[in-house]
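Open the model in your viewer and keep the selection panel to hand. The tour below goes from open spaces to an enclosed one, then to charged pairs and two loop residues.

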Amino acid sequence: MSVYPAMFMHALSTGLRADGVCQTPYIGYGENNHIRTYPEILNTIKSIDNNRVNIFNFRVIEKGSKPRIIKVNLSAWKSVCELYYPYYAERRAKYKKINPNGNPDHYFFLTKKGIPVTPSMVSSATNYAKGKLNNFKWS
């Protein structure tokens with residue numbers, strides 16, 4: 001399973017650009033310290049007046065170093081995690097092997113080789129997919 005369909009789902013559900021999607025952590029830190037995979041994130045999000053929260057905030061820096069706070073729907077995050085997380089442990093192990101001093105918690109989206117996905121990799125994958133569609137009329 002390629003990482004790009006999960007990234008695409010995440011981008012569609014949040015409005016994030018490629019830069020923002022690539023910043024999605026496995027375990028958040030700083031202002032994003034509540035971010036975890038589903039269902040672990042349910043333990044880090046505080047309920048409001050005993051009502052279950054349906055969204056969580058994700059602070060990203062995109063497009064000209066502008067910080068944005070994105071509202072992420074928990075149902076959409078659950079779908080992304082269910083699609084991609086079964087492949088994550090193997091990719092995380094590969095990341096640790098090639099980056100023994102790196103922190104794999106900073107990256108949720110990793111390639112089959114354990115390399116963090118970058119915006120240029122997303123662009124290449126998008127152009128590849130577009131090329132496979134040949135004469136599709138884009139608008």
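How much space lies in the largest pocket? About 480 Å³. The closest residues to its centre are Tyr4, Phe8, Val122, Ala125 and Thr126, out of 17 that line the largest pocket.

Before going on, two notes on the model. It is predicted, so local features need pLDDT of at least 70 and side-chain atom pairs count only at pLDDT 80 or more, while totals for chains, interfaces and linings use all residues. Residues are numbered from 1 along each chain as its sequence is written, and side-chain values use heavy atoms, with hydrogens and water left out.

**Stop 1: the largest pocket**

Rolling a probe the size of a water molecule over the atoms shows where empty space is left. Here a 1 Å grid is laid over the protein atoms alone; a pocket is an open set of points with protein on both sides within 12 Å along at least five of seven lines, a cavity is a set of points where a 1.4 Å probe fits but cannot get out, and lining residues have an atom within 4 Å of a point. Grid points are joined across faces, edges and corners, and a volume is the space filled by probe spheres set on the points.

Select α1 (4-14), α2 (18-22) and α4 (119-132). Each of α1, α2 and α4 supplies at least two residues of the lining of the largest pocket. Helices are DSSP runs of H or I with at least four residues, strands are runs of E with at least two, and both are numbered from the N terminus. Which helix gives the largest share of this lining? It is α4, with six residues.

Colour the lining of the largest pocket by class: 14 residues are nonpolar, one is polar and two are charged. Ala, Val, Leu, Ile, Met, Phe, Trp, Tyr, Cys and Pro count as nonpolar, Asp, Glu, Lys and Arg as charged, and the others, Gly among them, as polar.

**Stop 2: the second largest pocket**

Next select Gln23, Tyr29, Asn32, Phe58 and Arg59, which lie nearest the centre of the second largest pocket. This pocket has a volume of about 260 Å³ and is lined by 13 residues. β1 (55-62) gives the most to the lining, with four residues. By class, the lining of the second largest pocket has seven nonpolar, four polar and two charged residues.

**Stop 3: the cavity**

How many cavities of 30 Å³ or more does a search of the whole structure find? One. The largest cavity has a volume of about 40 Å³. To see its wall, select Met7, Cys22, Thr24, Tyr107, Phe108, Phe109, Pro116 and Val117. Seven residues of the lining of the largest cavity are nonpolar, one is polar and none is charged.

**Stop 4: salt bridges**

Side chains of opposite charge can pair when their charged atoms come close. A search of the whole structure finds five salt bridges, a salt bridge being a side-chain nitrogen of Lys or Arg within 4 Å of a carboxyl oxygen of Asp or Glu.

Return to Arg59 and add Glu31: their side chains meet in a salt bridge at 3.4 Å, N to O. The pair links distant parts of the chain, with Arg59 in strand β1 and Glu31 in the loop between α2 and β1, 28 residues apart. Arg59 is partly exposed at 29% relative accessible area, and Glu31 is exposed at 56%. Buried means under 20% relative accessible area, exposed over 50%, and partly exposed in between, with a 1.4 Å probe and protein chains only.

Now select Glu62 and Arg68, whose closest N and O atoms are 2.4 Å apart in a salt bridge. Is Glu62 buried or exposed? Glu62 is buried, at 2%, whereas Arg68 is partly exposed, at 26%. Add Arg17 to the selection: Arg17, Glu62 and Arg68 are linked in a network of salt bridges.

Move to Arg92 and Asp105, which form a salt bridge at 2.9 Å, N to O. Arg92 is in helix α3 and Asp105 in the loop between α3 and α4, 13 residues apart. Arg92 is buried, with a relative accessible area of 17%.

**Stop 5: two loop residues**

Select Thr111, in the loop between α3 (74-98) and α4. Thr111 counts as buried because its relative accessibility is 13%. Leaving aside residues up to four places away in sequence, Thr111 touches Arg91, Val117 and Met121, where contact means heavy atoms within 4.5 Å.

Finish at Asn54, in the loop between α2 and β1. Asn54 counts as exposed because its relative accessibility is 52%. Not counting residues up to four places away in sequence, Asn54 touches Val72, Asn73 and Leu74. Asn54 and Thr24 are 18 Å apart, C-alpha to C-alpha, and 30 residues apart in sequence.
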